[in-house]
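Please open the model in a viewer and keep the sequence panel at hand. The tour below proceeds selection by selection.

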Amino acid sequence: MAKTNPGRFFEDYTVGEVIRHAVPRTVSGGERALYHALYPARHALYSSDEFARACGLPSAPLDDLAAFHVVFGKTVPDISLNALANLGYAEGRWLLPVYPGDTLRSESEVIGLKQNSNGKSGVVYVRTRGLNQRDECVMEYVRWVMVRKRDLEAPAPETVIPELNKVIPAEQLAVPAGLDFSNYDFTLAGEPHRWGDYEAGETIDHVDGVTIEEAEHMMATRLWQNTAKVHFDNTARPDGTRLIYGGHVISLARTLSFNGLGNAQMIVGLNGGAHANPCLSGMTVRAWSEVLDKADTNAPGVGAIRLRLVAAKGGAPFELKGEDGKYLPDVLLDLDYWALMPK
Amino acid sequence: MAKTNPGRFFEDYTVGEVIRHAVPRTVSGGERALYHALYPARHALYSSDEFARACGLPSAPLDDLAAFHVVFGKTVPDISLNALANLGYAEGRWLLPVYPGDTLRSESEVIGLKQNSNGKSGVVYVRTRGLNQRDECVMEYVRWVMVRKRDLEAPAPETVIPELNKVIPAEQLAVPAGLDFSNYDFTLAGEPHRWGDYEAGETIDHVDGVTIEEAEHMMATRLWQNTAKVHFDNTARPDGTRLIYGGHVISLARTLSFNGLGNAQMIVGLNGGAHANPCLSGMTVRAWSEVLDKADTNAPGVGAIRLRLVAAKGGAPFELKGEDGKYLPDVLLDLDYWALMPK
Amino acid sequence: MAKTNPGRFFEDYTVGEVIRHAVPRTVSGGERALYHALYPARHALYSSDEFARACGLPSAPLDDLAAFHVVFGKTVPDISLNALANLGYAEGRWLLPVYPGDTLRSESEVIGLKQNSNGKSGVVYVRTRGLNQRDECVMEYVRWVMVRKRDLEAPAPETVIPELNKVIPAEQLAVPAGLDFSNYDFTLAGEPHRWGDYEAGETIDHVDGVTIEEAEHMMATRLWQNTAKVHFDNTARPDGTRLIYGGHVISLARTLSFNGLGNAQMIVGLNGGAHANPCLSGMTVRAWSEVLDKADTNAPGVGAIRLRLVAAKGGAPFELKGEDGKYLPDVLLDLDYWALMPK
């Protein structure tokens with residue numbers, strides 16, 4: 001009996017089933033320090049316990065994307081080990097901050113299946129939930145991936161395509177209990193721009209660039225216990241390159257966006273995202289953002305801002321797609337998210 | 001008076017002497033996070049405080065090999081700074097889990113000496129003990145190394161070769177107090193295979209590979225405060241390569257073995273080990289295991305399993321030695337250890 | 001309105017103004033572990049809570065240079081983003097140890113300005129203070145940098161050059177409350193040499209070398225939230241190299257100096273320092289020290305020692321400057337500091 005995990009294939013999924021993912025993880029100040037070593041993370045709420053307390057939280061949470069990576073990593077052995085492509089994200093919501101000492105695990109519910117017309121693969125939709133040690137849901141998101149079939153003769157399942165919000169309505173965003181930006185210290189936060197200073201349609205070039213090294217993205221990806229071979233094994237891809245985990249690019253772009261969006265403190269919603277082109281070591285990653293929308297919240301001094309975050313390895317800022325409607329070859333990431341900002 | 005440490009030479013050791021090694025170290029969640037960033041560590045007992053508690057421990061211990069590396073690293077300045085070769089390990093026993101907040105130091109007793117017939121070097125046998133802040137022994141092991149003589153005219157010491165167990169008898173393995181696998185959650189642990197599912201003689205190809213970077217092995221080796229020059233200084237070896245600390249290969253192989261041995265949770269015995277060939281950055285390391293033996297324990301639901309763990313940088317799995325009885329050139333590590341597994 | 005930080009230019013500084021720097025940071029065991037992974041740090045007082053307690057401190061502080069880097073990193077966006085050169089340090093004093101859990105922020109007072117004769121740039125002198133969550137000053141230092149003018153027509157400010165001590169008088173050094181080296185354990189510390197064993201004029205070759213990787217210095221520099229582009233972006237300099245943060249070289253040299261100065265435990269004063277030549281990845285860094293002075297303190301068993309610490313990427317130890325009085329091309333760092341040592 002083979003004891004290693006071959007991963008699931010398309011015909012192994014059933015709509016409605018819930019997969020409990022393995023290897024729960026307790027996070028500590030170690031994960032926080034590593035996040036700050038691997039990415040140029042500077043958002044004050046995640047850097048300083050004192051700053052977080054002044055904003056009504058008990059201490060500085062783990063960076064939202066670090067929590068996402070931990071939750072996401074657990075799903076890889078069950079969802080994307082045999083994936084041909086990561087197709088999309090939707091309806092991502094951060095529901096509770098994660099603090100050092102918390103233990104996270106993940107579950108995914110299969111919410112859609114569609115076999116491809118070639119009969120060799122299909123699309124699997126899952127809604128993944130990250131749960132803490134009190135079984136509270138700290139975040140959830142929908143992801144869909146293209147997965148190979150093991151047995152090309154296996155019958156196609158009934159096609160179920162979930163209806164997903166293109167954008168999370170602002171009133172469904174979860175503002176952490178107690179969050180209060182009334183006495184927000186803009187000087188300590190690093191930028192003077194408040195929610196009212198941003199307008200839909202505005203674009204921001206975040207200027208700074210980071211050249212990526214193999215050791216960095218592998219350390220990051222291992223830290224999240226993501227086991228996809230292509231990130232670690234330079235014999236896994238025909239050209240000998242190691243494909244960088246898409247989440248590494250997300251974190252790079254988000255932390256680079258501090259320069260111009262330093263007050264977009266908490267990520268509370270992920271409306272969608274595409275990994276437009278593969279990212280490899282040696283590339284110098286830059287980022288730009290576009291303000292897509294704004295909304296109010298009930299929390300004191302707290303506004304919500306919807307942002308497009310684009311990472312690119314070259315080209316000019318604010319260029320995204322060609323005349324053919326396809327992403328330009330230098331674009332790595334196109335992400336649509338909601339963040340909370342002081343008013 | 002020269003103030004730097006030239007290391008000890010063969011004639012500086014006396015059978016029976018106890019060397020107290022320098023630089024005690026307090027470990028924290030930082031060491032744990034780094035271990036998980038540097039290696040694809042996924043054993044649940046070391047990843048989750050909650051999982052550890054469900055198994056009867058107060059919280060997740062530091063990975064057993066991380067504890068080993070901390071204890072080992074301290075011995076380098078006194079034992080192996082002038083070593084020509086690391087010849088073997090025996091009688092390694094993990095006696096107490098190490099938790100964040102614990103402070104470790106090391107002592108080594110010289111238990112054997114044998115000058116080589118060439119008169120230029122000799123073999124030094126030491127039994128090293130790792131002690132915590134309560135002076136409890138958390139682990140011990142025997143290591144023997146070939147050490148140069150400073151003064152070729154120094155007389156040969158009386159030859160003393162310690163009698164060492166080839167294999168630690170199962171009844172001498174220390175099961176941590178309170179350990180109870182009766183309610184072990186195989187889903188959260190990541191694999192369904194229990195102690196009863198493994199048979200002596202069975203071999204497991206762990207499938208996954210990791211390509212090593214210089215930055216990774218140097219960070220790991222520094223973290224364990226191992227000071228051997230060959231790991232850090234590319235001018236220390238004639239070919240300009242940095243030799244990777246053997247323990248780095250051990251941790252890589254062990255963590256890769258999760259895929260197929262995810263329930264071999266705690267390492268409790270090290271019967272022997274050989275670093276078959278040097279490991280260098282750029283190599284892609286794979287691992288396979290062979291079940292050597294099984295034994296029962298008195299702890300509820302806990303069985304012991306004896307495993308051969310082999311790391312290789314190429315070749316086919318399960319190939320170890322050539323017709324000449326020597327390790328094949330692709331083999332990096334051949335380790336023989338005991339682990340605890342749920343029944 | 002551009003929202004990104006262009007940095008300050010020479011004409012943006014006024015003598016007497018106090019700049020509160022952004023992004024406070026809470027440190028944990030994670031920062032400590034990373035410091036020990038990035039540098040060969042072995043000073044026992046910073047490695048072991050037990051050792052620190054035996055010396056009268058509540059637990060092991062964060063390494064003094066790690067505290068310096070955190071304080072320094074915050075100043076970069078306001079002081080040196082448009083700097084052409086980092087010209088010098090003076091009057092650096094460590095006033096309180098920093099412990100895991102502490103939150104640090106920084107302020108700088110502009111204490112001097114001098115426009116260069118070319119009218120294109122000028123020298124800015126700042127006194128920077130690191131403050132903890134109780135608004136206690138944990139360290140301070142003076143730095144001066146050459147900063148570009150944005151507007152070459154901007155009038156030159158009145159020249160103010162601060163009077164700075166070339167050497168901090170020993171009686172102005174702050175010995176941490178409670179520090180007591182009366183029962184110092186030289187074996188655990190790793191070296192037998194005490195304060196009385198060192199003489200002014202003595203030189204020590206620290207022997208060991210470390211070859212630097214890009215991933216390492218970038219992780220370090222990000223951890224300190226230093227945002228200078230030249231460290232991260234290989235398109236920022238014409239030759240495609242990433243300039244290594246000078247503080248990385250300081251920490252490398254200091255930790256290498258353990259071999260020969262393992263009992264120079266606490267850094268309490270920074271008299272001056274020069275980054276003699278740029279440091280790049282791939283270089284193998286070595287260090288040597290010269291004892292410049294010694295002084296007594298009032299704390300039991302505690303002496304002060306003034307050291308020159310030199311890092312080089314080649315050449316012979318103890319060579320510093322050529323006949324022209326300029327640093328030799330292999331010299332990377334020339335630092336003058338005070339440390340505390342057991343008597």
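Begin by selecting Gly30(C): among the residues of chain C, its C-alpha lies closest to the rotation axis, at 2.2 Å. This is a predicted model, in which local features need pLDDT of at least 70, side-chain atom pairs count only at pLDDT 80 or more, and totals for chains, interfaces and linings use all residues. Residues are numbered from 1 along each chain as its sequence is written, chains are lettered from A and ligands numbered from 1 in the order in which they are written, and side-chain values use heavy atoms, with hydrogens and water left out.

Next, display chains C and A together. Chain C is superposed on chain A by a rotation of 120° with 0.0 Å of shift along the axis, at an RMSD of 0.0 Å; copies are superposed by least squares on the C-alpha atoms of residues with pLDDT of at least 70 in both. That is the relation of a three-fold axis.

Now select the contact between the two chains, taking heavy atoms within 4.5 Å as the criterion. Here 34 residues of chain C meet 46 residues of chain A. The buried area is about 3100 Å², of which carbon and sulfur atoms give 55%; buried area is the accessible area (1.4 Å probe) that two parts lose on being put together, summed over both.

Add the side chains of Asp208(A) and Lys229(C). These two residues form a salt bridge, with the closest N and O atoms 3.0 Å apart; the term requires a side-chain nitrogen of Lys or Arg within 4 Å of a carboxyl oxygen of Asp or Glu. The count between chain C and chain A is six salt bridges.

Then colour chain C by secondary structure, where helices (H or I, at least four residues) and strands (E, at least two) are DSSP runs numbered from the N terminus. On the side that touches chain A, the elements giving two or more residues are strand S2 (25–26), helix H1 (29–38), strand S4 (103–115) and helix H6 (214–223) of chain C. H6(C) gives the most, with six residues.

Turn finally to chain A alone. Chain A has eight helices and twelve strands, and its C-alpha trace spans about 60 × 45 × 35 Å along the principal axes.

To close, bring chain B into view. A turn of 120° with a shift of 0.0 Å along the axis lays chain A on chain B with an RMSD of 0.0 Å. In chain A, the C-alpha nearest that axis belongs to Gly30(A), 2.2 Å away. Only 12% of the interface residues of chain A are also interface residues in chain B, so the copies meet through different surfaces.
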